Amino acid sequence: MIENTLENLDQLRSDFHRPQYHFLPPSNWMNDPNGLIQWNGIYHLFFQYNPYGPLWGNMSWGHAISDDLIHWKHLPLALEPTQGGPDEAGCFSGCAVDDHGVPTILYTSTSGDRNEIQTQSIATSQDNLITWTKHPSNPVLVDVPPELNQTIDFRDPFVWNEGHTWFMVLGSRIKDIGGAVLLYRSHDLIEWEYLNPLLVGDDKRHDHTWECPNFFKIRNKWVLIISTNTGSMAETVLYFVGNYENFRFTPEFQGVMDYGSLYAPLSFVDDKDRRILFGWLREARSEVDQRLAGWSGAQSIPRVLGLDEQNRLIMQPVVELERIRGAHHAIDSTSVSGEIELDVRSLHLDVVAEFAVEPGGYCGFSFACSTDRNEQIGIIYDSKTSRLRVSKTYPEAYGSLTTHIREVDHPLSSDETLKLRILLDGSVAEVIANERTSLTSRFYPSDPNHNHVLLHGVNAKLETLDIWEMPSIW
């Protein structure tokens, strides 16, 4: 097992909002996962990182390694801006590939006072991905196709190989039309030929800019994942499933990969032939609070992707997570009516539950509950509306309560039970329902002792419930 050493371990442990079994750097700002790759059996996670503070800026590539996708060792920065270079304003998101035995990073390089010049650059490593040399030809891709009407959005390369040819998609937009994914090809990763838009969206339905594209094949279908950037916290991760022929992608099914805090996901294939995805879990608190905490952002637990019989994207946490589970709590099959407080006290849990819900019934849980119930995060399914709800309740001044609610559609077939996987970790709540509906959230309890767990239900039967307390990976 790769071990990690941190000088400020005691300080990290004292912050009960920090996740314990999700990846995050020791301090400062982190956002998009980058350059995911497995090399000589070791997993490499790169990420957008500000080495100088807990707010966005000074975009560099942080780097960590793991042999099990769960325990991580922090390494020195992989990339940082070069003064006077094409990336002097930031080394932004991208991917990593194996170019005939040479580890190669492709990333968006920016220059200009406001990062308004976006180009694509590459870097290679000769020492097992520890240090990186930027290519003398950088930037290797500069020209924006004229059909984009002078857009400055031209970023986040995702590259794959077919035979002797490299292909790349980039996130972009076409002014007054919508987000777009652009398709290129190359024989050497240096000279790139523009082919055409892989897919163009509608800014009224899909938002005006697409970024962080992933394009890959599962079985006989192709999947395109994009993050929609509206410049606000309303960003959403969408996916399309369909056919790819003659350099054109024709979607047959569209869905939402995550409705909540998860953004800018990136995927790769490991030596077990699993398509694995990480995503950035954004904060939901003020910049003042982030600055006081000294850190911002976490990575999701890696998820294995697949398609179901209806060509919907399905996902589940990697099985490696189960190996670190701690104390186990289980409840046998029982009818649920009302509220039941469970004999569990923790802000760090892995929950697997299955319910049979009658028409008009509901079921779910509350976590991070205070004794008076004035503070909690609720995860409830309502069969009457076929909606999954995450509600966050906080006490305000003078005894009032504020509740923030996020609801999403999650219809079940007539013979289908509700299956919930919930990963609770400090201020993180990852919720996956029936492997296809993902709703992540961030919640910040005011006290570490607000850690009660409640079971809810009306006209519902709990088929199985397993809860594991989760340890720190650090």
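Of the contacts in the chain between residues at least 6 apart in sequence, what percentage join residues at least 24 apart? The figure is 57%. Keep that in mind as we go. One caution before the rest: this is a predicted model.

Let's start with the fold. The chain has 33 strands and three helices. Its radius of gyration is 22 Å. The globule rule gives 23 Å for 474 residues, so the chain is as compact as a globular protein of that length. Now picture a box drawn along the principal axes. The C-alpha atoms fill one of roughly 65 × 50 × 45 Å.

Next, inside and outside. Of the 474 residues in the chain, 60% are buried. The accessible surface of the chain comes to about 19700 Å². Carbon and sulfur atoms account for 47% of that surface.

On to charge. The chain carries 64 negative side chains and 37 positive ones. Take the centre of each set. Those two centres lie 4 Å apart.

Last topic: cysteines. How many disulfides does a search of the whole structure find? Zero. Why is Cys363 not bonded to Cys369? Cys369 holds the closest cysteine sulfur to that of Cys363, but the distance is 16 Å, which is too far for a bond. A disulfide needs the two sulfur atoms within 2.5 Å. Looking from the other side, Cys369 is in no disulfide either, and its nearest cysteine sulfur is that of Cys363.

Are these two buried or exposed? Cys363 has 0% relative accessibility, so it counts as buried. Cys369 is also at 0%, so Cys369 counts as buried too. The cut-off for buried is under 20%.

Technical notes
Residues are numbered from 1 along each chain as its sequence is written. This is a predicted model: local features need pLDDT of at least 70, side-chain atom pairs count only at pLDDT 80 or more; totals for chains, interfaces and linings use all residues. Side-chain values use heavy atoms; hydrogens and water are left out. Helices (H or I, at least four residues) and strands (E, at least two) are DSSP runs, numbered from the N terminus. The radius of gyration is taken over C-alpha atoms; the globule rule is 2.2 Å times the number of residues to the power 0.38. Buried means under 20% relative accessible area, exposed over 50%, partly exposed in between (1.4 Å probe, protein chains only). Contact means heavy atoms within 4.5 Å. Accessible areas come from the Shrake-Rupley method with a 1.4 Å probe; for residues, only the protein chains shown count as cover. Lys and Arg count as positive and Asp and Glu as negative; His and the chain ends are not counted. The place of a charge is taken as NZ of Lys, CZ of Arg, CG of Asp or CD of Glu.
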